[in-house]
Amino acid sequence: MHAARPHALALSGLMLLAACSAGSPEETAEPTEPTAEASAEETPDEAAEQSGGGGAACLEGTWDMDVDAIKEAILAAPAAGGVEATVDVTGESGITFDGQTMTTLYRGYVVTMTIDLEGQAVIVTVTSDGTVVGGYTATDTELVVADVDASGLVTTTTTTLDGEAVEIPGVGDADLYDLDLGGTSTYTCTATDLTLVPQVEGAEAFEQRLVRR
């Protein structure tokens with residue numbers, strides 16, 4: 001089915017985004033010098049203020065993936081090539097930064113894409129459970145993740161074409177999971193929002209938006 005090959009390549013691009021769409025659990029930043037008026041428990045807004053409203057200290061804490069942003073990123077990907085698709089995301093996904101270690105958690109995390117492929121229904125499902133742990137360093141604008149241990153993560157990818165299982169080249173390959181396997185992202189951080197932009201050579205830039213837990 002040669003006419004379908006461009007769509008298969010588009011699906012691989014969509015899966016790249018789906019696989020990298022996981023969010024993040026974190027912890028609130030450590031207080032600097034509490035004043036007499038400071039409350040016993042620091043709020044996210046106070047944590048961000050004490051970290052200067054951004055930068056490496058702002059990363060610390062737990063962040064949950066913005067599900068609507070996941071769907072927008074997948075459907076807006078240039079790799080989609082005009083394929084008509086719907087996206088559903090269920091389960092939990094988050095990232096925790098503790099100042100040295102970045103832990104990405106997936107709990108029953110499922111991204112399901114239903115695509116109209118020349119009148120045929122293609123359903124691509126990525127299921128992830130477990131954790132990925134890596135060390136990180138950060139400047140005020142750049143996050144670098146290294147020494148990643150993904151042994152605690154189980155990810156499965158299934159694809160069906162009109163109800164029958166099929167294989168799409170490249171989908172499910174380990175090298176599609178660049179965010180989990182380490183690398184560099186630019187970022188912006190506020191009291192409530194974190195935006196990550198993975199820097200992957202040869203790939204279109206896309207944003208991951210997260211919200212502070």
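Reader: Before anything else, when do two strands count as a pair here?

Author: Two strands pair if DSSP finds at least two bridges between them. In this predicted model, strand β3 (residues 101-117) and strand β4 (residues 120-138) pair in the antiparallel sense, and they do so over 15 bridges.

Reader: Ok, and which residue in β4 is the bridge partner of Ile115?

Author: The bridge partner of Ile115 in β4 is Val122. The hairpin that β3 and β4 form has two residues between the strands, and in that hairpin Glu118 takes a positive phi near 55°.

Reader: What about β2 and β3, over how many bridges do they pair?

Author: Strand β2, which covers residues 84-97, pairs with β3 in the antiparallel sense over 13 bridges, and one of the bridge partners to look for is Met102 in β3, which is matched with Phe97. There are three residues between the strands in the hairpin of β2 and β3, where Gly99 has a positive phi near 105°.

Reader: Switching topic, how many disulfides does a search of the whole structure find?

Author: The search finds one disulfide, formed by Cys58 and Cys189, whose sulfur atoms are 2.0 Å apart. The link of Cys58 and Cys189 is left-handed, with -80° about the S-S bond.

Reader: And which parts does that pair tie together?

Author: Cys58 lies in helix α3 (residues 56-59) and Cys189 lies in strand β8 (residues 183-189), so the pair ties together parts that are 131 residues apart in sequence.

Reader: Are Cys58 and Cys189 buried or exposed?

Author: Both Cys58 and Cys189 are buried, which means that each has under 20% relative accessible area.

Notes. Residues numbered from 1 in each chain as written. Predicted model: local features only at pLDDT ≥ 70, side-chain atom pairs only at ≥ 80, totals over all residues. Heavy atoms only, no water. Helix = DSSP H or I, 4+ residues; strand = E, 2+ residues; numbered from the N terminus. Disulfide = S-S within 2.5 Å. Buried < 20%, exposed > 50% of the residue type's maximum accessible area, 1.4 Å probe, protein only.
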